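Okay, thanks for making room for me on the agenda. I'd like to walk you through a model with two chains, so let's get it up on the screen.

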Amino acid sequence: MIEQSVEVTYPRPGACVVTVYGDQDRGSAEQFERQLADLIALNELVVVDVSEADFVDSSFLRNMLVADRHAKEQTKRFRLQMGTAPVVRRAFEVSGVLDRLAVMNRREDALGDPAEVHEHPDSRSSGV
Amino acid sequence: MQVQDTGTRRFGIQNEREFDATGHFERDVDPAVAALAPLRHALRAWLESRDLSARSRDAVILATHEAVANAIQHSGTVSRIRVRANAEADGLTIEISDNGEWRTPDDPPSQERGRGIALIRSLVSNATINTDAGGTTVLLYQLA
């Protein structure tokens with residue numbers, strides 16, 4: 001049985017955490033892109049937590065870049081909470097997407113004040 | 001009449017089909033995104049029986065997924081996409097072939113899209129893509 005699911009929580013007003021589970025591929029990509037766009041429009045901070053994901057493909061990686069662009073265009077914050085599944089981390093790494101996003105390993109860092117958060121060092125040097 | 005000895009009897013294997021079941025993977029995939037997850041899981045089950053690191057296994061699964069997904073999205077084929085994998089002495093070969101005609105995307109490549117091929121090339125030891133009038137074949141090779 002293949003499961004693709006997303007859970008959205010609101011730890012405080014203006015901030016939401018989108019936790020993705022299982023396999024995330026083209027089968028769910030379009031819907032997820034719309035969902036992220038809506039959440040960015042309605043919140044100041046959106047965190048996507050991939051620590052529970054088992055598999056992501058290039059369509060999911062693309063959605064991360066699109067969401068990051070949308071957030072920047074609206075002067076919002078978009079962050080990735082990276083997990084431990086090696087295949088998920090590797091997909092982000094070899095695609096170069098990891099270098100282009102604000103990435104945190106802990107939830108409290110991902111939800112932290114922008115001024116206090118130390119973003120992924122490569123996200124500052126990517127020139128994007 | 002001389003009978004060709006395939007060598008399989010030395011290992012107590014009764015027939016070629018049994019031997020193929022361990023060294024060869026074949027699946028014809030419907031050209032639909034819903035077919036991707038079952039393919040990944042079937043390929044994973046086969047790869048777990050091979051002498052391959054988890055890192056290489058994950059790379060092969062993701063690269064194969066991307067190649068098949070590209071065929072589904074860009075080849076326009078209505079026929080099934082063929083996935084064939086062979087275990088060899090020093091690694092694996094995986095062949096993904098369709099008989100469609102790849103369409104050029106309307107939009108030029110950008111930083112956000114068109115990452116599938118680059119991802120494939122980053123994941124496996126070697127990847128080649130051959131396109132002719134009969135379709136497209138992606139050949140992946142992964143060192144063990």
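Before we go in, one term: I'll call two strands paired when DSSP finds at least two bridges between them. And keep in mind that what you're looking at is a predicted model.

With that term in hand, let's start at one end of the sheet in chain B. Take B:Arg27: which residue is its bridge partner in β2(B)? That's B:Val83. The two strands involved, β1(B) and β2(B), are joined by six bridges and run antiparallel.

Next one over. β2(B), residues 81–88, is linked to β3(B) by seven bridges, and that pair is antiparallel too. The connection between β2(B) and β3(B) is a hairpin, with two residues in it. If you want a landmark for that pairing, find B:Arg82, which sits opposite B:Ser97 in β3(B).

On we go to β3(B) and β5(B), the latter being residues 135–143: eight bridges here, again in the antiparallel sense. The landmark this time is B:Ile96, with B:Val138 of β5(B) standing opposite.

So what order do the five strands come in across the sheet? Reading across, you get β1-β2-β3-β5-β4 in chain B, an open sheet with antiparallel pairing. At the edges are β1, residues 24–29, and β4, residues 126–132, each of them paired on one side only. From one strand to the next, the twist averages 10 degrees.

Let me stay on β3(B) for a second. In a regular strand the side chains alternate between the two faces of the sheet. Now look at residues 91–98: B:Leu92, B:Ile94, B:Ile96 and B:Asp98 are on the covered face. The uncovered face has B:Gly91, B:Thr93, B:Glu95 and B:Ser97. You've met two of these already: B:Ile96, across from B:Val138, is on the covered face, while B:Ser97, across from B:Arg82, is on the uncovered one.

Let me zoom out to the whole of chain B. Besides the five strands there are four helices, and from the N terminus the order is α-β-α-α-β-β-α-β-β. Of its 144 residues, 28% are buried. And if you take the contacts in chain B with a separation of 6 or more, 64% of them are between residues 24 or more positions apart.

Now the helices. How do α2(B), residues 36–47, and α3(B), residues 54–74, cross? Their axes come within 10 Å, at roughly 150 degrees. Anything over 145 counts as roughly antiparallel, so that's what we call α2(B) and α3(B). The crossing is right-handed. From α2(B), the contact uses B:Leu36, B:Leu39, B:Arg40, B:Leu43, B:Arg44 and B:Leu47, and on the α3(B) side you'll find, among others, B:Val60, B:Ile61, B:Thr64 and B:Val68. By class, that contact has eight nonpolar, two polar and three charged residues.

While we're on α3(B), click on B:Arg55, which lies in that helix. Is B:Arg55 buried or exposed? It counts as exposed, because B:Arg55 has 12 C-beta neighbours inside 10 Å. From B:Arg55 to B:Asn99 is 44 residues in sequence and 31 Å in space, C-alpha to C-alpha.

Then there's the interface. Here 19 residues of chain B are in contact with 18 of chain A. On the chain B side, α2, α3 and α4 each give two or more residues, and α3(B) gives the most, with six. By class, that side of chain B has eight nonpolar, four polar and seven charged residues.

Last stop, chain A. There, α1(A), residues 26–42, packs against α2(A) at about 15 degrees, with the axes 10 Å apart. That makes α1(A) and α2(A) roughly parallel, and the crossing is right-handed. The residues that meet include A:Phe32, A:Leu36 and A:Ile40 from α1(A), and A:Phe60, A:Val66 and A:Ala67 from α2(A). By class it's nine nonpolar, three polar and two charged residues.

And one oddity to finish: A:Thr75, in the loop between α2 and β5 of chain A. Its phi is near 50 degrees, a positive value in a residue other than glycine. A:Thr75 is exposed, with 7 other C-beta atoms within 10 Å. That's my tour, thanks.

Notes. Residues numbered from 1 in each chain as written. Chains lettered and ligands numbered in written order. Predicted model: local features only at pLDDT ≥ 70, side-chain atom pairs only at ≥ 80, totals over all residues. Buried ≥ 20, exposed ≤ 12 C-beta atoms within 10 Å, placed from the backbone. Axes fitted to C-alpha atoms, helices over the stretch in contact; angles between N-to-C directions. Parallel < 35°, antiparallel > 145°, perpendicular 65-115°, else oblique. Left-handed = near helix turned anticlockwise from the far one by under 90°. Contact = placed C-beta atoms within 7 Å. Nonpolar A, V, L, I, M, F, W, Y, C, P; charged D, E, K, R; others polar.
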